[in-house]
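Visitor: Could you walk me through this one, telling me what each label rests on?
Guide: Gladly; here is the structure to look at while we talk.

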Amino acid sequence: MDGNRRFAKNHSLPLKEGHRYGAEALMRVLECCFRVGVKNVTTYAFSIENFNRKAEEVDTIFSLLKYKLALLSGENQMCDLHEVRVKIIGNRSYLPDDVLQDIELVEEKTKHHTKHTLYVAFPYTSRDDMWYAVDQLVDKVTEGEISVDEIDETLYENNFYYEDTSEKVDILVRTSGHTRLSDYMLWQCHQDSVIEYPNTLWPNYRFYNTWWTIFRWSYYKTLMIQDAEVMQLKKVSRAEVNRRYKDVPKIHPPFASVNKA
Ligand SMILES: CC(C)=CCC/C(C)=C/CC/C(C)=C/COP(=O)(O)OP(=O)(O)O
């Protein structure tokens, strides 16, 4: 959710207003995702590096987070309407007690929902997540819960903050034009993950941007599946695939670069 401070600066607003608009943008994006059928959404709400910001800004973000999560999980609000479970992924040892209590309450209130999950990465970095998993495994081996021989990729993944090996990233969006991953989802991104860097500041990100990103991805995915079916299952040539699907429009950026890679 990059670009909140630049948004505030561009509109001559106090910095905290940038984050407030950012939180509103998140509500729009979530509503869109759950309406169109995205199963799980993860939002990078606060990185461990963000603790280097001024205390006042950190407080603003924490207050917004607490407020919005309480709102989302309220009666007849988004979590109820779309059956969304909220799960915090991140290093809870960094959080003050009041924040921790509030977010654990939200997790408790929404834990019975199974249709969607909203993962809130907070305070998170991928390296910390991977390190946490190693730490967990070492503890389990030391306590005799598991043996070293049992450790494999699946067991490792199961010990991430996600606690679910089936979670892989389909689309990762970083707004504001910065083309860095900032230590995010390094393990969860796989060979088919699509990464987008729209040149839009996060508070300007709209329902339309979200829908369009998802639509392009699902369309691209459909083409890939058709291709795979025809090529692999029915063993026909590439020329035959092209002939059969010649009327399907080709999708260009951002997928062009992904295809090449
Ligand atoms: C889950 C939830 C309800 C969250 C609401 C709070 C919220 C919007 C958090 C995002 C904070 C953040 C570090 C944004 C990045 O923009 P930036 O500050 O780095 O802006 P810049 O790129 O312009 O410097």
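Guide: Helices (H or I, at least four residues) and strands (E, at least two) are DSSP runs, numbered from the N terminus. This is a predicted model: local features need pLDDT of at least 70, side-chain atom pairs count only at pLDDT 80 or more, and totals for chains, interfaces and linings use all residues. Residues are numbered from 1 along each chain as its sequence is written, and side-chain values use heavy atoms, with hydrogens and water left out.

Visitor: Which helix gives the most to the nonpolar patch?
Guide: That is α8 (residues 207-233), with five residues. The patch on the surface consists of Val36, Phe207, Tyr208, Trp211, Trp212 and Phe215.

Visitor: Why is Trp212 called partly exposed?
Guide: Trp212 has a relative accessible area of 34%. Buried means under 20%, exposed over 50%, and partly exposed in between (1.4 Å probe, protein chains only). Trp212, at 34%, is therefore partly exposed.

Visitor: What makes the approach of Asp2 to the ligand a polar contact?
Guide: A polar contact is a pair of N or O atoms within 3.5 Å; within protein, one must be able to donate a hydrogen and the other to accept it, and residues adjacent in sequence count only if both atoms are side-chain atoms. An N or O atom in the side chain of Asp2 is 2.7 Å from an oxygen atom of the ligand, so the pair is a polar contact. For Met1, a backbone N or O atom lies 3.3 Å from a ligand oxygen atom.

Key: Patches are made of residues with over 30% relative accessible area and no salt bridge: like charges are joined within 9 Å, nonpolar side chains (Val, Leu, Ile, Met, Phe, Trp, Tyr) within 5 Å. Accessible areas come from the Shrake-Rupley method with a 1.4 Å probe; for residues, only the protein chains shown count as cover. A salt bridge is a side-chain nitrogen of Lys or Arg within 4 Å of a carboxyl oxygen of Asp or Glu.
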